[in-house]
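Got the model open in your viewer? Let's walk through it one selection at a time.

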Amino acid sequence: LNALEADRYCEELRPFAFVDMGDARWVQQHEFLTQLNLQAHVNASQQRDEFVLEAFVLHEKLPLLIRELVACELWKQNAYPLLKGWLAENNSIKSYLLLYHEGVLVNLLEALLYHKQACDASGDLIVELVDYCHRKLMWLLNAPPPKRPASAAELKEQILKEGSDEGHSDEQEYCITMSAALCALSITRFLSDHLAALPLAVTARILDTYDILMVLCPLLENKPWLSENEEGEQRRFLQSQWSRVGEAEKRKMHKAEAQCWLAVYNLVLDPEMRRRYVSSSRFTYDLGEVD
């Protein structure tokens, strides 16, 4: 995309009701967001002009992205279980697009919220984004590791099951949710970078309501993005799938683990965050004494 195309795509973005998700206009907007997401990551990786970010800020579309992300999550929780069987048999491509849409939105927000101006342009809905990130981190903390049977017969049976319509849709849903959770972890780190400049409601959510630090520490211990079988074979969740790790790669830190450590650093070692965190803890303790 060039800057003019990105500006036009952003200008045409609009919210959708649940009943309209999956129709022709929704699919067209999904294509727009996919292209904007790819271009935003290309601009960031190649250190180009951030014209995608500028377009979202100019047209005030960042709150819309957060609104659509939460709406997509709610649709997947409430409507998708009712339509899952029918979609798997009759329209598996549409089923994948509806699930993949959440991954596109959260991945795009991950690229944009690295910048402070994007956090400022998100408005009051950034509090909803904090709630979303906490839900994803809790899912990640409780996500079961992938099961790979040791015997060849059991492995063949599992592969055949995953190849069925229902099994394939379950595998797609898991991989997309896992990818979204890791993106939410990166967004949490970016929010911790800019926490001093964000509204006080965001600080209260992160430090008091959810105590994100007590979620990040178990994540560092459990490492849900890493799996190891009985034979010592290590696998990591990379590029939306579980991949084997070679001997040369085992000592390299996973991106998600690095984001965890950076978020912990921001919440623990930053003097301003330490002052706020200690003050809120003391206030809670005093209330307990009064009770």
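Start with two helices: select α4, residues 62-78, and α6, residues 92-112, whose axes come within 9 Å and cross at roughly 150°. This is a predicted model, so keep that in mind at every stop. The crossing of α4 past α6 is left-handed.

Now show side chains where the two helices meet. On α4, the contact uses Leu 62, Leu 65, Ile 66, Glu 68, Leu 69, Cys 72, Glu 73, Trp 75 and Lys 76. On α6, the residues to pick include Leu 98, Leu 99, His 101, Glu 102 and Leu 105. Colour the contact by type and you'll get 13 nonpolar residues, one polar and four charged.

Stay on α4 and click Glu 68, which lies in that helix. Is Glu 68 buried or exposed? Its relative accessible area is 5%, and anything under 20% counts as buried, so Glu 68 is buried. Who's around it? Setting aside neighbours within four places in sequence, Glu 68 is in contact with Arg 14, Pro 15, Phe 16, Gln 29 and Leu 105. You've already met Leu 105 as part of the α6 side of the helix contact.

Next, hop to His 194, in the loop between α10 (165-193) and α11. His 194 counts as buried because its relative accessibility is 16%. Which residues does His 194 touch, not counting those up to four places away in sequence? Select Leu 113, Tyr 114, His 115, Lys 116 and Cys 119 to see them. For a distance to check in the viewer, try the C-alpha atoms of His 194 and Gln 117: they are separated by 9.7 Å, although the two residues are 77 residues apart along the chain.

Move on to α11 itself, residues 200-209, and pick out Val 202, Thr 203, Ile 206 and Leu 207, which are buried. Look down the axis of α11: the buried residues fall within an arc of 105°, so they line one face of the helix. Here's the background: an α-helix has 3.6 residues a turn, so residues three or four places apart point the same way. Just after α11, stop at Asp 211, where phi is positive, at about 45°.

Now for the sheet. Select its three strands, which form an open sheet in the order β1-β2-β3 with antiparallel pairing. The edges are β1 (226-228) and β3 (241-244), each of which pairs on one side only. Neighbouring strands are turned by 30° against each other on average, direction ignored.

Take the pairs in turn. β1 and β2 (residues 234-238) are joined antiparallel over three bridges, and you can find Glu 228 opposite Gln 234 in β2. β2 and β3 are also antiparallel, over four bridges, and here Arg 236 stands opposite Ser 243 in β3. Follow β2 into β3 and you'll trace a hairpin with two residues between the strands. In that turn, click Gln 239, which has a positive phi of about 55°.

Finally, zoom out to the whole chain. There are 14 helices and three strands, and buried residues make up 45% of the 291 residues. Of the contacts with a separation of 6 or more, 72% come from residues 24 or more positions apart.

Definitions and conventions
Residues numbered from 1 in each chain as written. Predicted model: local features only at pLDDT ≥ 70, side-chain atom pairs only at ≥ 80, totals over all residues. Heavy atoms only, no water. Buried < 20%, exposed > 50% of the residue type's maximum accessible area, 1.4 Å probe, protein only. Arc of directions from axis to C-beta. Axes fitted to C-alpha atoms, helices over the stretch in contact; angles between N-to-C directions. Left-handed = near helix turned anticlockwise from the far one by under 90°. Contact = heavy atoms within 4.5 Å. Nonpolar A, V, L, I, M, F, W, Y, C, P; charged D, E, K, R; others polar. Pairing = 2+ DSSP bridges.
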